[in-house]
Amino acid sequence: MKDVDDLGGLQFLEIRSSLPDELLLYADKLSMAHGLELRVPYLDKEVVEYVERLNGSFKVRYGIRKWLHRRVARQFLPESLLKRKKKGFATNVVDGWFRNSASPWMEEVFASKESLIFRYLRPSLVRDRLQEHKDGRADNHKILFSLIVLEHVLRKYDSLTFAPVQNVRYRIMGGGLV
């Protein structure tokens, strides 16, 4: 796509990758499971193509995301709805279970000096992500789940030896773990 700024390019990729492969599929399954008919009005092809061509300053302004959308919606919706915190439906399904049922076990795994993930990751940063999640300051369920899976894989295959990977550094979780 030519004449598209960085934000437009990222949105182009998002709309064509994780939106159909994850979000729409998930919404479709949840709505069908509860006998609901779900409509996604902003996925009209012409609307999407128009918004993709807009300059990033119409999408984010003064740190406010969906700036133009909010300006137009003011004509139809009360200000309290436009300023309220976003409420995702995945939070209730996954995060409640993750905070309540899995949290004690995760704390035990991440508190142990025997955890194998700490061969590769800084313990303080992993524990910070867990604490942020428990306190509700951040939704880290995806990264925490990935770390638990990694721990299980490392425990299962700990006796195997792998060829070392040279000159590769990964930076994840904000400040980086390696």
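**Exercise 1.** Place K83 and E79 in the secondary structure, and state how far apart they lie in sequence.

*Solution.* Both K83 and E79 belong to helix α6 (residues 79-83). They are four residues apart, about one turn of the helix. Helices here are DSSP runs of H or I, at least four residues, and strands are runs of E, at least two, numbered from the N terminus. The model is predicted: local features need pLDDT of at least 70, side-chain atom pairs count only at pLDDT 80 or more, and totals for chains, interfaces and linings use all residues. Residues are numbered from 1 along each chain as its sequence is written, and side-chain values use heavy atoms, with hydrogens and water left out.

**Exercise 2.** Find what joins the side chains of K83 and E79, and which network holds them.

*Solution.* Step one: the pair forms a salt bridge, at 3.8 Å, N to O. The term means a side-chain nitrogen of Lys or Arg within 4 Å of a carboxyl oxygen of Asp or Glu. Step two: a network of salt bridges links R74, E79 and K83. Step three: K83 is exposed at 65% relative accessibility, while E79 is partly exposed at 36%. Buried is under 20% relative accessible area, exposed over 50%, partly exposed in between (1.4 Å probe, protein chains only).

**Exercise 3.** Treat K45 and E49 likewise.

*Solution.* Their side chains form a salt bridge at 2.6 Å, N to O. Both sit in helix α3 (residues 45-53), four residues apart. K45 is exposed at 59%; E49 is partly exposed at 30%.

**Exercise 4.** State how many salt bridges the whole structure has.

*Solution.* The search finds seven.
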